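Reader: Hi! I'm in my first year and still learning how to look at protein models. Could you take me through one part of this one slowly?

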Amino acid sequence: MAILKVNKLPQPTVLKQILKRCSSLGKKSNNGAYDADEELPLDVPKGHFAVYVGENRSRYIVPISFLTHPEFQCLLRQAEEEFGFDHYMGLTIPCQEHVFRSLTSSMLR
């Protein structure tokens with residue numbers, strides 16, 4: 001009996017999954033509202049996505065441009081290792097809030 005090794009998904013595929021679940025880039029219906037079937041957060045501005053950080057799982061809305069920063073990609077790898085991306089709780093970042101705020105504020109400069 002052969003044992004199959006499960007390969008991790010390529011990073012572009014993982015990023016697309018994250019964006020689909022956490023961003024405001026979902027399909028819009030004819031009247032401009034998001035389809036209920038898409039289950040996307042309505043309070044997330046276009047070009048942003050929600051993450052949950054820290055012990056209390058505080059919610060932060062961050063720009064999609066953060067996905068290109070090596071520091072943020074490191075956080076995503078840690079999130080994948082600790083929590084995986086195959087859940088519907090939202091993207092949870094394993095990081096203390098003050099560290100996350102410091103890191104993201106430096107990315108905005």
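Reader: I'd like a close look at the largest nonpolar core: which of its residues touch the most other members?

Author: Happy to help! Keep in mind as we go that this is a predicted model.

Let's begin with your question. The largest nonpolar core has 19 residues, and those touching the most other members are Phe49, Val51, Val62, Phe72, Leu91, Ile93 and Phe100. At least two core residues come from each of these elements: strands E1 (48-53), E2 (58-63) and E3 (91-93), and helices H2 (70-82) and H3 (97-107). H2 gives the largest share, with four residues. As a general background, nonpolar side chains in soluble globular proteins tend to be buried together.

To place those elements, it helps to step back to the whole chain. The chain holds three helices and three strands, and along the sequence they follow the pattern α-β-β-α-β-α. Of its 109 residues, 36% are buried. Among contacts between residues at least 6 apart in sequence, 43% link residues at least 24 apart.

Now for the strands. The three of them make an open sheet with the order E2-E1-E3 and mixed pairing. E2 and E3 are the edge strands with a single partner strand each, so one side of each has no neighbour in the sheet. From one strand to the next, the twist averages 40°. In general, the strands of a sheet pair through backbone hydrogen bonds, and they do so in either a parallel or an antiparallel way.

You can find both kinds of pairing here. E1 and E2 are antiparallel, with six bridges between them, while E1 and E3 run parallel and are joined by three bridges. Try following E1 residue by residue. Phe49 has Val62 of E2 as its bridge partner, Ala50 stands opposite Ile61 in E2, and Val51 is partnered by Tyr60 of E2. Val53 has its bridge partner in E3, namely Ile93.

Val51 is a good place to pause. Setting aside residues up to four places away in sequence, Val51 touches Ser58, Arg59, Tyr60, Val62, Phe72, Leu91, Ile93 and Phe100. Val62, Phe72, Leu91, Ile93 and Phe100 in that list are also among the core residues that touch the most other members.

Compare that with Ile61, which lies in strand E2. Ile61 has a relative accessibility of 34%, so it counts as partly exposed. Its C-alpha atom is 4.5 Å from that of Ala50, although the two residues are eleven apart along the chain. Leaving out neighbours within four places in sequence, the contacts of Ile61 are Val44, Pro45, His48, Phe49 and Ala50.

The link between E1 and E2 deserves a glance too. These strands form a hairpin with four residues between them, and Gly54 in the turn has a positive phi of about 85°. Arg57 is also in the loop between E1 and E2, and its phi is positive at about 55° even though Arg57 is not a glycine. Most residues other than glycine have a negative phi. With a relative accessibility of 36%, Arg57 counts as partly exposed.

Next, add the helices. H2 lies across E1, E2 and E3, at about 105° to E3. H3 also lies across E1, E2 and E3, running at about 15° to E2. The axes of H2 and H3 come within 10 Å of each other and cross at roughly 145°. Glu71, Phe72 and Leu75 of H2 make this contact with Phe100, Leu103 and Met107 of H3. Five of the residues in the contact are nonpolar, none is polar and one is charged.

Finally, look at H3 by itself. Its buried residues include Phe100, Leu103, Thr104 and Met107. These residues cover an arc of only 90° around the axis, which means that they sit on the same side of H3. The general reason is that an α-helix has 3.6 residues a turn, so residues three or four places apart point the same way. Among the elements covering the buried residues of H3 are E1, E2, H2 and E3.

To tie this back to your question, Phe100 shows up in several views: it touches Val51, takes part in the contact of H2 with H3, and is buried in H3. Tracing Phe100 on screen is a nice way to revisit the core, where it is one of the residues that touch the most other members.

Definitions and conventions: Residues are numbered from 1 along each chain as its sequence is written. This is a predicted model: local features need pLDDT of at least 70, side-chain atom pairs count only at pLDDT 80 or more; totals for chains, interfaces and linings use all residues. Side-chain values use heavy atoms; hydrogens and water are left out. A nonpolar core is a set of buried Ala, Val, Leu, Ile, Met, Phe, Trp, Tyr and Cys residues joined through side-chain atoms within 4.5 Å. Buried means under 20% relative accessible area, exposed over 50%, partly exposed in between (1.4 Å probe, protein chains only). Contact means heavy atoms within 4.5 Å. Two strands pair if DSSP finds at least two bridges between them. Axes are lines fitted to C-alpha atoms, for helices over the stretch in contact, and angles run from 0 to 180 degrees between N-to-C directions. Ala, Val, Leu, Ile, Met, Phe, Trp, Tyr, Cys and Pro count as nonpolar, Asp, Glu, Lys and Arg as charged, and the others, Gly among them, as polar. The arc is that of the directions from the helix axis to the C-beta atoms.
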